[in-house]
Amino acid sequence: TERLREIATREFLTYGFVVDANKKLTGVLVMRDLLFARPDTPISQIMLRNPFVLTPETPLMDAMRVVVTKHFPI
């Protein structure tokens with residue numbers, strides 16, 4: 001959290017991407033949720049699990065449909 005606070009003084013942060021040891025995406029961290037969580041709450045309990053991903057090959061209409069139906073926080 002302290003490192004994120006230092007980065008936030010230089011950069012605009014909305015999301016953090018949580019990866020495993022193999023750099024596979026495992027969750028998305030919404031900074032607002034981190035801000036309001038108790039300091040001792042593990043990231044694994046704050047992050048959005050099983051995030052969806054889009055690839056360059058995803059047809060535009062399919063991508064739009066996924067984004068609209070997921071209702072993730074902005």
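User: How are the three strands ordered in the open sheet, and is the pairing parallel or antiparallel?
Analyst: The three strands make an open sheet in the order β1-β2-β3, with antiparallel pairing; strands here are DSSP E runs of at least two residues, helices are H or I runs of at least four, and both are numbered from the N terminus. Two strands count as paired if DSSP finds at least two bridges between them.

User: Which are the edge strands?
Analyst: The edge strands are β1 and β3 (48-49), each of which pairs on one side only.

User: Before we go on, what sort of model is this?
Analyst: This is a predicted model, in which local features need pLDDT of at least 70 and side-chain atom pairs count only at pLDDT 80 or more, while totals for chains, interfaces and linings use all residues. Residues are numbered from 1 along each chain as its sequence is written, and side-chain values use heavy atoms, with hydrogens and water left out.

User: OK, how many bridges link β1 and β2?
Analyst: Five bridges join β1 to strand β2 (residues 25-30) in the antiparallel sense, and V19 stands opposite L25 in β2. The hairpin of these strands has five residues between them, and K23 takes a positive phi near 65 degrees there.

User: Which β1 side chains are buried?
Analyst: The side chains alternate along β1, so that G16 and V18 point to one face and are buried, whereas Y15, F17 and V19 point to the other and are not; buried means under 20% relative accessible area, exposed over 50%, and partly exposed in between, using a 1.4 Å probe and protein chains only.

User: And what is the relative accessible area of Y15?
Analyst: Y15, which is found in strand β1 (residues 15-19), has a relative accessible area of 30% and is therefore partly exposed. Y15 and I43 lie 28 residues apart in sequence and 13 Å apart in space, C-alpha to C-alpha.

User: Switching to the whole chain, what pattern does it follow?
Analyst: The protein chain has four helices and three strands, which follow the pattern α-β-β-α-α-β-α along the sequence.

User: What's its radius of gyration?
Analyst: The protein chain has 14 Å, whereas a compact globule of 74 residues would be near 11 Å; the value is taken over C-alpha atoms, and the globule rule is 2.2 Å times the number of residues to the power 0.38. Along its principal axes the C-alpha trace spans about 40 × 25 × 20 Å.

User: How much of it is buried?
Analyst: Of the 74 residues of the protein chain, 16% count as buried.
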